[in-house]
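Here is a short report on how strands and helices are arranged in this model. Follow it with the structure open.

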Number of protein chains: 2
Amino acid sequence: MENFIFQNPVKIIFGKDTISKIQKEIPQDARVLMIYGGGSIKRNGVYDAVQKALTNHKLFEFGGIEPNPEFSTCMKAVELIKQENIDFLLAVGGGSVLDATKFISASSKFEGDPYDILEKRSPIRKALPLGTVITLPATGSEMNSGGVITRAEFQTKLVFGSPLLFPKFSVLNPETTYSLPKHQVANGVVDAFVHVMEQYLTYSTNAPVQDRFAESLLLTLIEEGPKNITAGEVNYDARANLMWAATMALNGLISSGVQSDWATHLIGHELTAFHGLDHAVTLAIVLPELLRKTKNKRKEKLLQFGSRVWNINHGTEEERMELTISKTEDFFHSLGIKTKLSEYNISPDTIDRIVERFDSRGMKAIGGLQDISLVDLKDILNACI
Amino acid sequence: MENFIFQNPVKIIFGKDTISKIQKEIPQDARVLMIYGGGSIKRNGVYDAVQKALTNHKLFEFGGIEPNPEFSTCMKAVELIKQENIDFLLAVGGGSVLDATKFISASSKFEGDPYDILEKRSPIRKALPLGTVITLPATGSEMNSGGVITRAEFQTKLVFGSPLLFPKFSVLNPETTYSLPKHQVANGVVDAFVHVMEQYLTYSTNAPVQDRFAESLLLTLIEEGPKNITAGEVNYDARANLMWAATMALNGLISSGVQSDWATHLIGHELTAFHGLDHAVTLAIVLPELLRKTKNKRKEKLLQFGSRVWNINHGTEEERMELTISKTEDFFHSLGIKTKLSEYNISPDTIDRIVERFDSRGMKAIGGLQDISLVDLKDILNACI
């Protein structure tokens with residue numbers, strides 16, 4: 001096992017009828033800005049539940065955060081915060097709303113151009129406190145301290161993070177997910193699945209607790225994910241199990257003491273930046289071909305993943321690895337997600353643009369293993385066509 | 001899944017050469033009291049490493065915490081704290097030292113007789129901040145907010161806890177465990193194993209993440225525990241994996257959203273209070289017979305435990321349950337731990353004393369499932385002879 005530091009102070013409030021509990025989690029005298037997305041929370045009752053819980057708070061609101069939260073939208077929220085002397089942020093929505101709220105939190109206290117937080121990775125030294133009510137199991141943003149922000153004018157999608165951005169609390173009420181459309185749930189399952197894979201499918205550091213925890217989450221996503229697909233269906237335990245698995249998939253626990261990768265995400269972010277593809281779709285496209293290209297360095301873990309998660313125990317190593325990867329691909333397909341760029345009308349000319357972009361950033365290889373050269377990257381993207 | 005609240009703010013600093021890091025974790029101007037046990041840390045280099053790390057701190061020390069930490073010893077530390085205006089506690093040792101330090105932390109700020117914290121469960125409203133350097137994987141005290149204190153004059157062993165007692169940080173350096181004697185490691189493995197069982201082996205709440213996490217820890221303890229037994233042996237990964245499994249076994253994670261029990265511990269604490277048996281030994285004695293007595297209510301989980309942890313998949317339900325329990329017993333034996341009271345020269349007359357004690361506390365049934373009546377308790381203890 002590798003040395004590590006782990007600390008995650010987020011208070012998780014999980015279960016039915018829990019939104020009312022935010023009342024006691026936010027200081028009584030706070031000036032609260034509720035931040036949300038396109039308005040689905042107004043249709044499913046979550047908006048009303050939040051308003052009711054905060055009747056006795058000074059509450060402002062800012063809606064319209066996009067699925068890939070946009071820098072300029074965040075800047076509008078920062079203006080409002082300064083104008084109204086807001087001192088507590090409440091994100092209500094999915095991972096995009098939460099990521100945006102974290103970025104707004106840091107930006108509203110940042111001296112200089114907040115884009116530096118993304119582009120130059122300028123350190124975040126102050127931030128507004130924030131809480132969340134999560135309504136879409138996917139990104140894990142409710143229990144971590146990072147996020148991703150898009151800036152359309154520059155076609156960038158960049159990550160940021162700081163321990164100051166851990167939510168003070170996150171309410172996870174699985175009932176809020178009943179109304180989610182099928183494709184959003186499917187995206188969430190894939191997102192969480194690939195989060196786990198990024199922290200698991202590298203090489204062994206002899207860390208059986210972390211390995212088995214990762215496999216526990218993958219198995220749960222495979223079993224419980226599909227039960228979540230039907231919008232409107234009351235299947236509380238399936239909703240709860242998916243929600244908890246997605247949260248545990250990216251809160252720092254399973255990455256402690258092991259080697260992470262994140263190459264699939266790095267590539268996927270560029271596909272979203274250039275083509276606006278859903279984040280999870282990009283992951284479902286990239287992961288299988290990335291595994292095929294890099295399987296030799298990842299052989300031990302790939303065989304273990306095949307055996308313990310997909311029950312693949314017979315055949316040559318080559319056969320088992322290929323079956324493992326195609327089972328994973330089939331799982332994405334079973335959720336209704338296509339895994340080829342051409343199926344999204346993306347032509348091969350995107351490949352050179354993406355490779356050039358990494359090259360222009362001075363990157364010779366990508367990912368935590370640094371085992372994917374720009375030539376390999378081109379091969380992977382070619383295979384994704 | 002049941003509703004739950006989870007929050008665990010402890011900063012874990014895990015790995016080789018990590019003790020020096022405490023320097024930056026403790027406020028520079030703090031008056032620090034280092035609390036330790038019988039002096040093994042002076043022989044294995046941990047005492048020196050702590051002293052060296054805190055060269056520039058105002059450091060006091062208090063040694064002599066017993067294996068079952070004694071109320072009166074804790075009170076002596078409280079005296080020293082008041083006398084020297086100590087404002088930070090550093091526990092260095094195993095779970096007993098950590099539990100004692102937590103109790104000392106609460107007691108030094110408690111108004112009234114600190115024994116009320118134990119006997120009357122008086123609320124803890126203030127506490128001194130504390131950090132830990134753990135040297136024995138077992139109790140999980142390094143990442144939770146509770147403990148157990150013995151008062152020999154009353155033959156009591158009682159639990160306490162408060163969110164104020166979470167360590168600010170815990171250093172987990174597996175190298176510190178090389179010098180542990182075999183029986184202490186074996187006790188630690190059993191302690192962690194039964195911690196998991198208390199939170200897992202009840203009834204299903206349809207919580208597959210928690211179930212699989214629990215099984216992950218049990219499998220790791222079974223595989224890695226025995227590799228830890230030989231004192232002096234340099235087997236870093238085995239030490240690290242046991243240490244992390246023991247920490248994860250009792251930090252609130254696997255109990256979130258599921259039904260816990262703790263009946264084995266309740267009974268075991270009385271055996272220690274009356275006879276001074278090692279804590280883990282009492283658990284190894286009680287658990288198998290408790291499972292035999294209560295197996296029908298726990299059937300689903302017992303069969304799942306047998307299948308997923310011991311690979312028991314054939315035979316009638318009765319046969320599988322009995323094989324599962326006896327495999328568990330065999331595991332304790334394989335670690336060198338005897339599981340019958342008579343093997344520790346404890347005679348049957350202890351049984352009525354223990355039953356009477358629960359009766360005198362007004363308890364009609366014990367454990368989280370409330371499925372063990374005092375008549376059942378007597379049967380269980382009789383079977384333990």
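Helix α4 (residues 71-84) of chain B lies across three strands of chain B: β2 (31-35), β3 and β4 (88-93). Against β3(B), the helix runs at about 155°. The model is a predicted one.

These strands belong to a wider sheet. It is open, has 12 strands and shows mixed pairing. The order is β3(A)-β2(A)-β4(A)-β5(A)-β8(A)-β1(A)-β1(B)-β8(B)-β5(B)-β4(B)-β2(B)-β3(B). At the edges stand β3 (58-62) of chain A and β3 (58-62) of chain B. Each has a single partner strand, so one side of each is left without a neighbour in the sheet. On average, neighbouring strands are turned by 25° against each other, direction ignored.

Within chain A, strand β1 (residues 4-14) and strand β8 (residues 169-172) run parallel and are joined by 4 bridges. Which residue of β8(A) is the bridge partner of Ile12(A)? Ser170(A) takes that place.

Chain B also has a helix pair. Helix α8 (residues 208-224) and helix α9 (residues 236-248) pack at about 145°, with axes 9 Å apart. The crossing of α8(B) and α9(B) is left-handed. The contact residues are these:

| Helix | Contact residues |
|---|---|
| α8(B) | Leu217(B), Thr220(B), Leu221(B), Glu224(B) |
| α9(B) | Asp237(B), Ala238(B), Asn241(B), Leu242(B), Ala245(B), Met248(B) |

By class, the contact of α8(B) with α9(B) has 6 nonpolar, 2 polar and 2 charged residues.

Technical notes: Residues are numbered from 1 along each chain as its sequence is written. Chains are lettered from A and ligands numbered from 1 in the order in which they are written. This is a predicted model: local features need pLDDT of at least 70, side-chain atom pairs count only at pLDDT 80 or more; totals for chains, interfaces and linings use all residues. Side-chain values use heavy atoms; hydrogens and water are left out. Axes are lines fitted to C-alpha atoms, for helices over the stretch in contact, and angles run from 0 to 180 degrees between N-to-C directions. Helices (H or I, at least four residues) and strands (E, at least two) are DSSP runs, numbered from the N terminus. A crossing is left-handed if the near helix is turned anticlockwise from the far one by less than a right angle, and right-handed if clockwise. Contact means heavy atoms within 4.5 Å. Ala, Val, Leu, Ile, Met, Phe, Trp, Tyr, Cys and Pro count as nonpolar, Asp, Glu, Lys and Arg as charged, and the others, Gly among them, as polar. Two strands pair if DSSP finds at least two bridges between them.
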